[in-house]
Amino acid sequence: MLGSRTNVRDLVKLIMGFGGTIGIVTFFGLILAVYFRDTFDPDTIKGKRVVITGSSTGIGEQLAYEYSKLGARVLITARREKVLQEVVSKCKELGATEAFYIPLDMSNKSDTEKLIQEAETRFGGLDHLIMNHIASNYLQLWNGDWDRYQQVMDVNLKAYVSLATSATPLLNKSKGSIAVLSSVAGKIGVPFSALYSCSKFALSGFFNAYRLELGLQEMDISITEFIIGSIDTKNAKEYSKAVFDENIFSTSATDTAHRIMKGTQERERIVYYPAYAFAYTVFRDILPGMTDKLLLASIKTDAVETVSKKP
């Protein structure tokens with residue numbers, strides 16, 4: 001303990017030795033340089049046993065392709081079998097060591113367990129569990145629809161918990177990794193997305209606690225939380241068109257998928273992508289009023305009227 005305190009004092013002296021403010025700026029510049037350095041080795045993905053949910057379109061589909069390009073063994077799932085067949089075919093063309101699919105409904109707990117059983121049958125184990133699926137997320141005002149509330153929680157929260165729980169024994173053996181795809185809406189409340197925000201906030205709470213519990217049990221399983229912003233996918237634009245201008249969706253799903261694969265393999269704790277996702281989180285705590293105004297300014301002027309007319 002004494003040694004650690006001495007090290008901290010020495011570090012402070014070193015910073016101040018650079019000249020006060022200049023030293024502090026330099027110090028934090030070094031921290032940022034270390035944080036953003038690229039240490040990812042693509043060769044480490046080859047042969048990895050990977051499960052990806054929500055893989056029929058968007059980010060999940062691109063995740064399947066990114067892993068396949070680097071020779072991973074992939075098992076993908078979604079509900080639409082025909083589309084999954086097409087994705088698996090392309091995965092094989094791109095270089096996947098193996099590629100399989102299984103059509104499942106993540107709102108059913110038995111299906112989440114079946115997915116992990118399938119991974120064990122196909123691969124004999126598991127290295128990366130990538131949880132990407134969500135309930136369809138057409139934006140709407142909260143109207144007391146408890147059936148919808150239950151559906152969103154079943155898919156966006158309970159399925160993630162069930163998948164991680166079922167996969168833990170396999171990941172413990174491989175010292176593997178869990179990727180939890182969350183959202184800016186899981187860090188700040190977003191209008192017209194109350195249920196979605198609720199489920200994503202809950203994900204953060206559960207998996208931050210679960211990470212610590214795994215450590216207490218001496219299980220070397222990494223959990224990476226991905227705080228994702230507005231990504232250019234067909235579904236995101238369709239779900240949001242009544243509320244937000246589609247120009248906010250400027251970051252490609254391919255770039256996002258690559259960052260998720262990299263962050264999972266590098267065992268990062270939390271990843272904000274794109275960078276503005278981090279800025280929103282910072283402003284939420286120090287300038288909450290400004291954050292609210294920025295959000296409200298991005299919403300179409302007729303959004304409430306348009307959304308209220310929907311059946």
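This report covers helix packing, one cavity and two backbone features in a predicted model.

## Basis

The model is predicted: local features need pLDDT of at least 70, side-chain atom pairs count only at pLDDT 80 or more, and totals for chains, interfaces and linings use all residues. Residues are numbered from 1 along each chain as its sequence is written, and side-chain values use heavy atoms, with hydrogens and water left out.

Helices (H or I, at least four residues) and strands (E, at least two) are DSSP runs, numbered from the N terminus. Axes are lines fitted to C-alpha atoms, for helices over the stretch in contact, and angles run from 0 to 180 degrees between N-to-C directions.

## Helices 3 and 4

Helix 3 spans residues 58-69 and helix 4 spans residues 81-94. Their axes lie 8 Å apart, at an angle of about 25°. The two helices are therefore roughly parallel to each other (angles under 35 degrees count as such, over 145 as roughly antiparallel, 65 to 115 as roughly perpendicular and the rest as oblique). Helix 3 passes helix 4 in a right-handed crossing (the near helix is turned clockwise from the far one by less than a right angle; anticlockwise would be left-handed).

Helix 3 makes the contact (heavy atoms within 4.5 Å) through Glu61, Ala64, Tyr65, Ser68 and Lys69. Helix 4 contributes Val87, Lys90, Cys91 and Leu94. By class, this contact has 5 nonpolar, 1 polar and 3 charged residues (Ala, Val, Leu, Ile, Met, Phe, Trp, Tyr, Cys and Pro count as nonpolar, Asp, Glu, Lys and Arg as charged, and the others, Gly among them, as polar).

## Helices 5 and 6

Helix 5 (residues 109-123) and helix 6 (residues 146-174) have axes that come within 9 Å and cross at roughly 30°. That makes helix 5 roughly parallel to helix 6. The crossing is right-handed.

On helix 5, the contact residues are Lys109, Thr112, Glu113, Leu115, Ile116 and Glu120. On helix 6, they are Ala159, Ser162, Leu163, Ser166, Ala167 and Leu170. The contact has 6 nonpolar, 3 polar and 3 charged residues.

## Helices 6 and 7

Helix 6 also packs on helix 7, with axes within 9 Å and a crossing of roughly 20°. Helix 6 and helix 7 are therefore roughly parallel to each other. Their crossing is right-handed.

The helix 6 residues include Arg148, Tyr149, Val152, Met153 and Asn156. Helix 7 residues in the contact include Leu195, Tyr196, Phe206, Phe207 and Tyr210. The contact divides into 16 nonpolar, 4 polar and 2 charged residues.

## The cavity

A search of the whole structure finds 1 cavity of 30 Å³ or more. A cavity is a set of points on a 1 Å grid over the protein atoms alone where a 1.4 Å probe fits but cannot get out; lining residues have an atom within 4 Å of a point. The largest cavity holds about 140 Å³ of space, the volume being that filled by probe spheres set on the points.

Its lining has 18 residues, with Asn137, Gln140, Arg148, Leu195 and Tyr196 nearest the centre. Helix 6 and helix 7 (194-216) are the elements that give two or more residues to this lining. By class, the lining has 10 nonpolar, 6 polar and 2 charged residues.

## Backbone features

Most residues other than glycine have a negative phi, and most peptide bonds are trans. Phe192 has a positive phi of about 75°. Phe192 sits in the loop between strand 5 (177-183) and helix 7.

Tyr273 and Pro274 are joined by a cis peptide bond, with omega about -10°. Pro274 lies in the loop between strand 9 (270-273) and helix 10 (276-286).

Key:
1 Å grid on protein atoms, 1.4 Å probe; cavity = no way out; pocket = protein on both sides within 12 Å on 5 of 7 lines; lining within 4 Å.
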